Amino acid sequence: MWPKDVGIKAIEVYFPAQYVEQTELEQFDGVSAGKYTIGLGQQRMGFCNDREDINSLCLTVVHRLMDKFEIKPQDIGRLEVGTETIIDKSKSVKTVLMQLFEPHGCTDIEGADTTNACYGGTAALLNAVSWVESSAWDGRLALVVAADNAVYSSGSARPTGGAGAIAMVVGPDAPLIIDRGVRSSCMKHAYDFYKPNLKSEYPVVDGQLSIQCYLNALDNCYQTFCKKVKKMHNYDVTLDNFDSFLFHSPYCKLVQKSFARLVFLDFLAMSKEKVLAEYPDLAKFHDVKPKDTYFNKEIEKAFINLSKTKFLQKTQPSLLISSQVGNMYTPSVYSGLASLLISKPIKELAGTKVGVFSYGSGFCSTMYSLTITKECKEKSDLMKIVSTLSCIKQELNARQKVSPADYTKVLDWREQNCHAVPFSPQSSISNMFPGTYYLVQVDEKYRRTYKTV
């Protein structure tokens, strides 16, 4: 027998306690007003100073999750980390997190790190689900961690950075059920975004190719998902089958374009007669090939306008954290899940179907769905998740604003000391959220030590 309702039983979000305002960054960079705020759809961008790294982000979010949800180290049988932020070519972040388990005598924990750009968190989540549904499952819970520090060299990509971490507990009888049976993936080889220089935190980015790859992955995943549902369950899938839809969010404007893209794909799947009857003004677009339309502004504008109402209902509520923190890379799509849960009344969410599209450059992508439980009483597991996440809005507002000039100095300092040893951080810990792990030092053998605020 399959374990019943395997999915996400708990979720916790962490982001650094400082940010830069995108309007101020526009002025600092000398670009036109609205280029980052309207053009990209971003409001603020969180970032790590020299006190935080991938290890500290993960330590913080795991400790917070286990504390808030009263999860004991003995309860965890699998621990996986999805990240593309690499500070060691061999030692996994998962082994660093074992500091939270080993003192309790808990060392029988499977899993390691998964890496492929922004997709690693989804790979880790699906691995955890597969473990719970496998013959190897021993009845304990799986813990999935997705975290990254997203920084770019100076230029057009820099305002699309961000930083943060998400931890999720996976097990049976979950309030956020990962639907079994149908999911689709698209995996290809492309140099759209990659990090070949191990001496730098900055990636190499081909911006136009990256957008093309993202939309190509979206097309393939959605069309394959629809075909699988038709074959297995004999009905046609459209966006109307989903109450909400989550996307990996490099920046919020691309998410809106991606939602419109799905409406466009539904349009292409309609019969000519239905198109002429319902959308006569758009009929001229019905015979185009999707691969020829990635940068067609006329089609993009038409379907953004057509999809606006549905976008505001199904996807806009999921962009709270993304607009305020930026691209968290592997946690990005799951920050969308957290945002959704705190942006709509719980009674509206209960029993609904949520589509999920995860993308990582290079590239890897998957589309699947989850179902939110109908059980939303005061002491239900769903209510526990929502009430725990309710502090997110308060923490977003409690962050310290940093000027673009000082933000630039932080990035220059990080780049200068990317692999310097011995190294002692200079940034103050006074503004950090309580319980945050921070880097104390890196010794001459590259060994890192951490403390908590």
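I take two strands as paired if DSSP finds at least two bridges between them. I keep in mind throughout that this is a predicted model.

**Entry 1. The small sheet**

I started with residue pairs across strands. Which residue stands opposite Gln-18? I found Gln-400, in strand E15. Gln-18 and Gln-400 belong to a pairing of E2, residues 18-21, with E15. That pairing is parallel and runs over 2 bridges.

I then looked up the whole sheet. It is open, has 3 strands, and follows the order E3-E2-E15. Its pairing is mixed. Which strands are at the edges? They are E3, at 44-46, and E15, at 400-401, and each pairs on one side only. I noted that helix H1, residues 22-29, packs on this sheet. H1 touches E2, E3 and E15. I read an angle of about 60 degrees between the direction of H1 and that of E2.

**Entry 2. Strand E7**

Next I went to E7, residues 162-171. How many of the residues of E7 are buried? I counted 10 of the 10, so the strand is largely enclosed by the rest of the structure. I checked the two faces separately. On one side, Gly-162, Gly-164, Ile-166, Met-168 and Val-170 are all buried. On the other, Ala-163, Ala-165, Ala-167, Val-169 and Gly-171 are all buried too.

I looked up the strands that pair with E7. E1, residues 7-14, pairs with E7 in the antiparallel sense over 7 bridges. Ile-8 is the residue I found opposite Val-170 of E7. E6, residues 141-150, also pairs with E7 in the antiparallel sense, over 9 bridges. There, I found Ala-147 bridged to Ala-165 of E7.

**Entry 3. The cores and Phe-101**

I turned to the nonpolar cores. The largest has 83 residues. Which residues have the most contacts inside it? They are Phe-101, Leu-143 and Leu-341. Helix H2, residues 54-68, gives the most to this core, with 8 residues. A second, separate core has 57 residues, and I noted Tyr-202, Met-270, Val-275 and Phe-357 among them.

I followed Phe-101 further. Where does Phe-101 lie? It sits in the loop between helix H3, at 93-97, and strand E5, at 113-114. Is Phe-101 buried or exposed? Its relative accessible area is 0%, so I logged Phe-101 as buried. I set aside neighbours within four places in sequence and listed the contacts of Phe-101. They are Met-66, Pro-73, Ile-76, Leu-79, Cys-106, Ile-109 and Leu-143. I also took the C-alpha to C-alpha distance from Phe-101 to Ser-427: 29 Å, for 326 residues of sequence separation.

**Entry 4. A helix pair**

I checked H10, residues 332-343, against H12, residues 381-389. They pack at an angle of about 95 degrees, with axes 9 Å apart. I therefore recorded H10 as roughly perpendicular to H12. From H10, the residues that meet H12 are Ala-338, Leu-341 and Ile-342. From H12, I listed Leu-382, Ile-385, Val-386 and Leu-389. Leu-341 had already appeared in my notes on the largest core, as one of the residues with the most contacts inside it.

**Entry 5. Cysteines**

How many disulfides are there? I got 0, with a disulfide taken as a pair of cysteine sulfur atoms within 2.5 Å. For Cys-48, the nearest cysteine sulfur is that of Cys-58, 11 Å away. Cys-48 counts as buried because its relative accessibility is 1%. For Cys-221, the nearest cysteine sulfur is that of Cys-186, 5.6 Å away. Cys-221 is at 0% relative accessibility, so I logged Cys-221 as buried.

**Entry 6. Two helix residues**

I looked up Ser-322, in helix H9, residues 320-325. Ser-322 is buried, at a relative accessible area of 2%. Not counting residues up to four places away in sequence, Ser-322 touches Gln-42, Ser-249 and Cys-252.

I closed with Ile-299, in helix H8, residues 297-314. Ile-299 counts as buried because its relative accessibility is 4%. Beyond neighbours within four places in sequence, I found contacts from Ile-299 to Phe-264, Phe-285, Val-288 and Thr-293. I also took the C-alpha separation of Ile-299 and Leu-282, which are 17 residues apart along the chain, and read 8.8 Å.

Terms used: Residues numbered from 1 in each chain as written. Predicted model: local features only at pLDDT ≥ 70, side-chain atom pairs only at ≥ 80, totals over all residues. Heavy atoms only, no water. Helix = DSSP H or I, 4+ residues; strand = E, 2+ residues; numbered from the N terminus. Contact = heavy atoms within 4.5 Å. Axes fitted to C-alpha atoms, helices over the stretch in contact; angles between N-to-C directions. Buried < 20%, exposed > 50% of the residue type's maximum accessible area, 1.4 Å probe, protein only. Core = buried A, V, L, I, M, F, W, Y, C linked by side-chain atoms within 4.5 Å. Parallel < 35°, antiparallel > 145°, perpendicular 65-115°, else oblique.
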